[in-house]
Amino acid sequence: MNNPVISVIIPCFNYGHYLEEAVRSVLIQTEVRWECIIVNDGSTDITEEVSMRLAGIDQRIKYFAQSNKGPSAARNLGLLKASGKYIQFLDADDILARDKLRHHAAILNSHEDIDLVYGDVKVFQSSINESGVKDFKYFTQQLSGHKKVIIDELVKDSMFLINTAFFRKSLIDKAGYFNNSISRHEDWHLWLRGAMKGAYFYYDTNQAGIVWVRAHENSLTGDHKKMWEEKIKARTDLNVFVENNRNDIDSALRDYFERKNTYFLLVDSYKYELLYGSIFKGFCLCFRAILISGKAFCHLYESLHWVKERYKRIS
């Protein structure tokens with residue numbers, strides 16, 4: 001298709017054995033005005049073989065390869081190659097609902113004020129038809145709005161998984177590309193930057209817009225220590241982003257975010273130290289959090305929980 005409306009971007013690192021199922025979920029979409037961009041992030045498995053074969057099946061499927069640089073760089077390459085005005089990310093081991101592209105494109109077409117729409121997630125292991133498929137509400141905050149309404153929740157943690165998001169490519173013009181130095185929470189980092197630039201987020205309740213996410217031990221989210229480290233790095237970088245964009249962000253929103261993010265950076269840091277680093281440093285950071293928030297019982301309870309988790313982990 002010469003003029004795709006939607007660009008589906010699939011970064012893939014050694015998930016060649018799952019990739020075809022992900023792409024098949026794009027091929028059967030009720031919306032046909034799409035391009036599917038597969039980015040091979042330096043895989044050493046069958047990813048290239050599978051990608052080349054799929055690209056030969058349908059000219060809307062495009063294949064690009066790079067040396068291993070991580071998911072942020074892979075998605076950025078996909079964005080640079082994208083022709084559509086709407087973007088849908090899809091991890092190589094996950095599956096889109098058959099009507100997702102049409103349904104979410106219709107929402108953005110009819111609501112010019114909405115920059116990003118997201119929906120619900122179902123978790124599966126081997127097949128989306130298996131009896132063990134479950135709704136996964138933990139990672140999905142049911143919230144629509146912009147500015148403080150969104151930042152108040154999003155600054156705490158991610159509100160949705162990356163594959164559920166369907167957004168205007170113009171959001172990248174507002175927020176910038178993914179930060180290549182961040183390998184976890186990179187989508188949360190991007191959404192927060194967009195929210196600070198005034199992007200409107202919309203939660204969609206319709207099951208037509210769901211994504212199936214595969215649960216398996218090789219998932220990137222399985223490395224808990226790395227997840228903690230990257231979240232702290234992302235929070236630190238967000239403060240730098242705000243400082244570098246002070247003139248482009250509403251002053252009240254900027255000040256509000258800086259206070260909230262600095263506090264949560266402190267909280268995340270003391271939890272990380274108690275779980276993986278210096279217990280002494282962890283309790284020092286915990287007491288700083290108490291002085292800022294006044295929530296002594298809450299933070300002391302949390303700190304004891306993470307010390308307990310530390311000894312469970314190493315025993």
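Two strands pair if DSSP finds at least two bridges between them. With that rule in hand, here is a friendly walk through the model, starting at one edge of its sheet. Strand E9 and strand E11 (residues 200–203) pair in the antiparallel sense over 2 bridges, and His146 stands opposite Tyr200 in E11. Helices (H or I, at least four residues) and strands (E, at least two) are DSSP runs, numbered from the N terminus.

A word on the origin of the values. This is a predicted model, in which local features need pLDDT of at least 70 and side-chain atom pairs count only at pLDDT 80 or more, while totals for chains, interfaces and linings use all residues. Residues are numbered from 1 along each chain as its sequence is written, and side-chain values use heavy atoms, with hydrogens and water left out.

## The sheet

The open sheet has 8 strands in the order E3-E2-E1-E4-E10-E6-E11-E9, and its pairing is mixed. Its edge strands are E3 (61–66) and E9 (145–146), each of which pairs on one side only. Helix H3 (residues 71–81) packs on the sheet and touches E1, E2, E3 and strand E4 (86–89); contact here means heavy atoms within 4.5 Å. The direction of H3 makes about 145 degrees with that of E2. Axes are lines fitted to C-alpha atoms, for helices over the stretch in contact, and angles run from 0 to 180 degrees between N-to-C directions.

Strands of a sheet pair through backbone hydrogen bonds, either parallel or antiparallel. Strand E1 (residues 6–12) and E2 take the parallel sense, over 7 bridges, and Val8 stands opposite Cys36 in E2.

How many residues of strand E2 (residues 34–41) are buried? The count is 8 of the 8, so E2 is largely enclosed by the rest of the structure. Buried means under 20% relative accessible area, exposed over 50%, and partly exposed in between (1.4 Å probe, protein chains only). In a regular strand the side chains alternate between the two faces of the sheet. In E2, Trp34, Cys36, Ile38 and Asn40 lie on one side and Glu35, Ile37, Val39 and Asp41 on the other, and all of them are buried.

## Helix H8 and its two partners

Helix H8 (residues 224–244) packs with helix H7 (residues 186–196) at an angle of about 25 degrees, with their axes 10 Å apart. H7 and H8 are therefore roughly parallel to each other. Angles under 35 degrees count as roughly parallel, over 145 as roughly antiparallel, 65 to 115 as roughly perpendicular and the rest as oblique. The crossing of H7 and H8 is right-handed; a crossing is left-handed if the near helix is turned anticlockwise from the far one by less than a right angle, and right-handed if clockwise.

From H7, the contact is made by Trp188, His189, Leu192, Arg193 and Met196, and from H8 by Lys231, Ala234, Arg235, Asp237, Leu238, Phe241 and Val242. By class, this contact of H7 with H8 has 7 nonpolar, 1 polar and 4 charged residues. Ala, Val, Leu, Ile, Met, Phe, Trp, Tyr, Cys and Pro count as nonpolar, Asp, Glu, Lys and Arg as charged, and the others, Gly among them, as polar.

The axes of H8 and helix H9 (residues 251–276) come within 10 Å and cross at roughly 155 degrees. H8 and H9 are therefore roughly antiparallel to each other, and their crossing is left-handed. The contact of H8 with H9 has 10 nonpolar, 6 polar and 9 charged residues.

## Residues in loops

The table places four loop residues by their relative accessibility.

| Residue | Loop between | Relative accessibility |
|---|---|---|
| Asn14 | E1 and helix H1 (16–27) | 24%, partly exposed |
| Ala97 | strand E5 (95–96) and helix H4 (100–110) | 5%, buried |
| Thr140 | strand E8 (134–135) and E9 | 5%, buried |
| His185 | helix H6 (170–175) and H7 | 14%, buried |

Most residues other than glycine have a negative phi, and most peptide bonds are trans. Asn14 has a positive phi of about 55 degrees although it is not a glycine, and His185 has a positive phi of about 60 degrees.

What is His185 in contact with, leaving aside its neighbours within four places in sequence? Its partners are Met227, Glu230 and Lys231. With neighbours within four places again left out, Ala97 is in contact with Gln29, Gln207, Ala208, Ile210 and Trp212. On the same terms, Thr140 is in contact with Tyr118, Gly119, Asp120, Val121, Met159 and Tyr203.
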